[in-house]
Amino acid sequence: MLAYLTKSIVGAVVVLLMMSFIVFGLQSMIPADPARAVAGPNAPPETVEAMRKQLGLDDPAFVQYGRFLSRLAHGDLGTSVRTRQPVSDDIRQYLPATLELGLASIALGAALALVMAVLQFLVPGSGGIRLAMVGVGSTPIFLSALLLSYFFWFRLGWLPGSGRLGYRDFAGPTGLNLLDGILVGRPDVSLDALLHMILPALALALPIGIAVGRSLNGALHEVMSQPYVRTARGKGLSETKVLLRHGLRNAATAPLSMLGLQVRLLFGNLLIVERVFGWPGLGLYTVQAFASADLPAVLGVAIVFGILYILVNTLIEIGQSIADPRISL
Amino acid sequence: MTGRPGQDTPARPRFNWRDFFRRAGWLESIGIVGVPVVTVLAVLAPWITPFDPQLRVAGAYLPPSAGHWFGTDEIGRDLFSRIILGVRYTWLSGLAVIGFTLIVGSLVGLISGLMGGKVDLVVERIVDLFIVLPSTLIALAFVAAVGPGLVNTMIALAIFWWPWYARISHDEIRRLKARPHVEAARMAGVRGPRLLLRYLLPGVVPALLIGASLDLANVIMTLSLMSFLGLGLPAPAPELGAMTSRTLDSLTVHWWLPILPAAIIFFLCLLANLAGDGIRAALRGA
Amino acid sequence: MVKLSHRMSRSATEPVLAVKDLSVILSREGRPSRVIDNISFDMFPCEIVALVGESGSGKTSIGLALQGLLPREYLPRVAGSIRLAGTELVGAGGRTWRSARRHLVRAIPQDPMGALNPTMTIRHQMRESNGGSERSIKDWLARTGLADPDRIADALPHRLSGGQRQRVLIAMAMMARPKLLIADEPTTALDVTIQAQILDLLRDLTREQQTAILFVTHDLSVAASLADRVLVLYAGRIVEMGRIQDVARNAAHPYSAGLLAARFDLDSDRRRPLPTLPGERAPLINVASACSYAPRCPIAQPDCMAIRPPLEAASAHGGAVACLHQEQTPLLSTQRADAKPWPAVAVQETAALRLSNVRKTYPTGTRSFWGRRQSQPVLRSVNLTIKPGECVALVGESGAGKSTLLRIAAGLEAPESGTVTRFDKLGPQVVFQDPVATLTPWLTIGEQIGERLRGVSLDSEYGRRRVGEAIKLVGLDPVLMDALPAEISVGQCQRAVLARAVIVPPSLLLCDEPISAMDVSLAATTLNLLSDLRRQLDMAMLFVTHDLAAARIIADRIAVLKDGELVEVADPDAIIAAPQSAYTRSLIAAMPSLPAGGGR
């Protein structure tokens with residue numbers, strides 16, 4: 001266990017260093033001169049030069065990288081060109097919304113995967129079901145988001161299709177509205193948050209559900225033809241019991257890895273879904289940053305998502321070792 | 001002896017297309033045939049558009065009709081012709097990314113897998129590192145930093161895609177090297193390039209082919225995602241993702257403008273996914 | 001169909017299992033094939049019935065059909081009748097089948113390694129069985145001879161050895177007190193010494209529990225040491241049935257007679273080629289109106305190809321046989337003895353291979369983050385010399401280090417310390433365990449054999465002729481030169497592998513368990529071929545095996561390896577008559593043998 005902790009911390013640090021290095025490299029690629037950007041377009045050359053010194057832009061690259069690292073360690077991600085605020089403040093403001101949506105869609109995706117894989121296993125798929133699964137898996141995220149919002153919001157009016165809450169001035173302790181509503185005793189807020197979340201979470205969960213579900217289905221097919229499943233059937237257990245007790249747990253490793261991969265794609269999809277549904281989170285923030293070439297904001301978000309991704313992967317590894325006790329941490 | 005009943009019917013003889021398609025499944029065979037067809041169409045695109053995709057050929061915002069199958073856009077350009085050109089960009093750049101990363105990645109994997117030892121360990125760690133990075137995001141940040149453009153998005157994707165093929169070919173070569181038939185060939189005196197070309201590569205290729213064919217849809221999806229976010233070609237160029245994102249706000253008025261390009265991306269991904277599934281089923285017998 | 005006279009004493013008892021006209025059709029890749037063809041038999045309480053047949057004979061399918069567990073992906077179609085303790089199971093619904101599996105019929109699988117759920121403790125898996133109370137779990141684990149039932153119950157399967165797992169599986173099956181136990185080659189994956197213990201255990205349990213056992217095996221001697229009756233299966237049909245002593249002494253079907261003759265044990269004649277079954281089982285052609293054994297049968301007459309022989313009373317014993325000419329069968333045994341003895345080998349007093357003080361350790365366990373591993377010795381200072389023209393058999397149980405020693409001798413691995421000296425610049429050739437896996441699937445047989453003719457193209461007249469000669473030398477049809485490995489049988493693959501090894505005869509041939517996965521007859525054929533080739537081509541040979549009988553047949557000297565050390569090296573007959581080490585004695589004692597076979 002201790003060995004695992006050291007290993008995963010060392011691994012996380014290496015990945016973060018790599019990311020910071022990439023981010024630093026990308027930052028120095030900005031064609032525009034940051035000194036001039038800070039000093040203002042009409043500043044005289046001397047002021048720009050002074051600013052350059054002040055910002056340390058004439059130091060050697062590795063000194064600048066060291067300084068960049070130490071700023072990172074202190075949570076300083078630079079200043080957004082667009083909002084004129086520290087990127088870390090912006091992120092703190094928008095992160096809860098994204099966290100809420102992301103977690104909801106991972107949970108929904110995993111549930112979809114489970115239901116789909118088990119159903120497909122118990123009721124062997126025809127060409128139609130196969131086509132439907134491949135079809136959903138081939139839908140670009142913006143198309144599914146558009147269609148969901150077009151039908152369920154615009155056409156049918158069943159669900160809200162924009163924003164994350166109907167209450168204007170609600171602010172809870174955690175920033176996760178669904179949770180805050182319960183915490184402060186406002187179930188109406190939680191319900192409203194839930195309704196707002198359904199469409200975007202569904203759009204995000206569909207690709208996760210398909211990919212993980214297909215992986216789980218494949219693993220189930222392999223596991224269910226193993227000799228130990230024959231042993232279990234030989235004991236006279238019902239097919240459902242065999243599947244739940246002997247099949248699922250042994251089939252869990254590969255789909256869990258797939259879930260990890262899908263989380264990586266989720267970061268990209270969040271940008272689009274938050275844009276389509278006007279969800280005020282980091283994704284929308286990043287899309288706006290793209291539009292105004294706000295590189296510090298983009299890179300800041302990349303670092304935060306990188307940390308989240310490492311966390312998710314660690315959780316998945318722990319999950320795998322719980323599912324299969326032979327994998328020791 | 002292996003406890004599998006009915007095992008002694010001779011397994012799968014020589015390759016033939018009929019068996020290949022039968023194992024792939026009828027649905028998947030459509031994809032396997034469709035992929036080369038779309039590729040040919042994409043190459044021929046500039047010569048087969050019914051109208052000039054850059055010019056105003058009719059009134060603005062005409063809905064789909066017999067004259068203009070997919071309608072016309074805000075300045076009266078033929079949407080069908082523009083989409084054909086868009087398919088060319090998306091499809092060919094997707095193929096290019098896959099082809100390039102496939103070659104680079106599998107070479108890296110082959111070489112490290114063949115050499116073994118320290119080199120292998122180092123390469124393996126580097127590949128692992130690339131694979132655990134949140135690549136979509138870094139690719140986006142990369143394009144944001146170096147500036148939008150089709151070539152830049154392709155480079156960004158390629159940087160984060162090759163490690164997958166490196167891992168596949170590395171793992172396959174390591175697996176094959178330990179197989180009795182390769183050991184037997186070595187004992188029979190087969191060495192060097194002959195061992196590689198006759199005994200190892202033919203065993204690695206199917207796994208790479210399966211991986212690449214399943215990835216084509218992913219690459220196309222990611223490329224169109226970047227184009228949707230405005231990181232692809234600049235404005236007048238008919239890129240499918242960008243066509244959708246630019247006309248997003250007219251969804252409720254002129255539905256065909258955002259929906260049809262997105263639907264075509266869906267169609268391309270569907271073909272690629274079906275082909276991938278079919279190739280996997282046919283080659284692995286799954 | 002056939003009433004068996006010797007069962008008359010039991011006719012008052014109801015049979016536990018009555019199988020009548022059972023047929024099973026399985027479809028693979030859209031091609032249906034009849035794997036069980038119209039068979040009928042009964043089983044009575046307390047009875048052990050051996051179901052004997054080669055691989056592909058349908059014996060595993062019968063076991064699965066009796067449990068209703070034929071793999072669904074092969075779209076099984078079952079016809080006829082299976083009555084288990086009075087319940088008709090063919091055509092029964094899922095509920096009936098599940099109840100039958102829960103209370104009436106249990107199975108012990110062939111491979112104990114894969115048959116336990118790797119992520120569930122033994123206790124949880126046993127609890128799922130009928131009668132799985134805490135006490136009976138402990139009781140049954142103890143009764144199967146497991147020393148520490150509590151520890152075993154809380155363990156995950158991968159912590160247990162093969163023998164322990166097989167005991168757990170037996171306990172799990174027996175605790176449900178089934179009427180019928182199907183044991184599908186339950187000992188093939190285990191070492192000989194453990195095999196004997198497991199068989200004893202099964203025998204005791206049936207007596208105690210009144211359970212009938214259907215013992216599925218390819219090995220008549222294992223069957224004989226355990227069973228009361230035997231069913232001989234060929235190509236999905238029962239060709240002979242009767243009391244085991246009767247069939248073993250007076251086989252009435254030419255196939256049973258052939259199987260009996262082909263089996264070898266510590267008493268077989270090692271001075272001449274072993275008797276074998278002629279040919280190999282042909283793929284199932286349309287044999288609805290013919291004897292399926294006719295194409296291989298040495299006494300076949302024209303009518304054998306026209307009439308399907310019914311199972312009728314045997315004249316040689318009290319059982320039944322399906323042969324139109326059963327009176328001819330006894331003639332077969334007299335024809336066998338006249339095989340010419342092997343010519344003497346001129347063993348020179350030099351060395352073809354010398355291993356001195358060879359040591360090797362292997363890393364164990366998982367790799368730490370920095371790639372460091374713990375290690376465990378596999379070979380501790382081994383000294384062995386093989387003279388030119390001599391065959392040395394290396395005998396030992398799994399984990400003894402046999403294969404490692406062979407790989408070091410082959411140069412596939414380097415020893416940690418010690419020296420390996422080969423006295424020929426042409427390197428040794430290796431024949432690996434699984435002939436199919438040793439052939440590259442995408443290259444033709446001819447291409448692979450031709451690889452050893454360095455620089456000679458297969459397109460040249462000379463190349464094709466050389467390969468053709470090698471193929472003929474190992475008894476294959478040169479037409480197969482252009483076949484892919486998947487297009488030919490296992491036996492043909494084995495010959496192709498040998499052809500590759502001897503097309504340019506090496507001075508040293510290394511064989512790694514070449515017969516361990518083979519049926520008796522194919523094993524005998526392979527031993528004959530190897531004996532013949534090494535004499536013809538004057539090769540020294542190292543023959544690695546876990547089978548003492550095979551070692552005795554083929555070798556001039558036997559070396560016994562235990563835990564990485566040679567405990568005994570001596571002449572085969574000497575080692576078996578007067579083993580010097582306790583370990584060798586236990587190996588010999590554990591060998592199954594046919595009671596009717598000899599005087600041992």
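Student: How many residues does each of chain A and chain C bring to their contact?

Tutor: This is a predicted model, where local features need pLDDT of at least 70, side-chain atom pairs count only at pLDDT 80 or more, and totals for chains, interfaces and linings use all residues. Residues are numbered from 1 along each chain as written, with chains lettered from A and ligands numbered from 1 in written order. Two residues are in contact if their C-beta atoms, placed from the backbone, lie within 7 Å. On that basis the contact takes 21 residues from chain A and 23 residues from chain C.

Student: Which helix gives the largest share of the side of chain A that touches chain C?

Tutor: Helices are DSSP runs (H or I, at least four residues), numbered from the N terminus. Helix H10 (227-234) and helix H11 (239-250) of chain A each supply at least two residues of that side. The largest share, seven residues, comes from H10(A).

Student: How are H4(B) and H6(B) oriented to each other?

Tutor: Helix H4 (residues 117-132) and helix H6 (residues 150-177) of chain B pack at about 135 degrees, with axes 9 Å apart. Axes are lines fitted to C-alpha atoms over the stretch in contact, and angles run from 0 to 180 degrees between N-to-C directions. Angles under 35 degrees count as roughly parallel, over 145 as roughly antiparallel, 65 to 115 as roughly perpendicular and the rest as oblique. H4(B) and H6(B) are therefore oblique.

Student: How many residues of H15(C) are buried?

Tutor: A residue is buried if 20 or more other C-beta atoms, placed from the backbone, lie within 10 Å of its own. Helix H15 of chain C spans residues 490-502. H15(C) is mostly covered, and its buried residues number 13 of 13.

Notes. Expected span 1.5 Å × (residues − 1). Buried ≥ 20, exposed ≤ 12 C-beta atoms within 10 Å, placed from the backbone.
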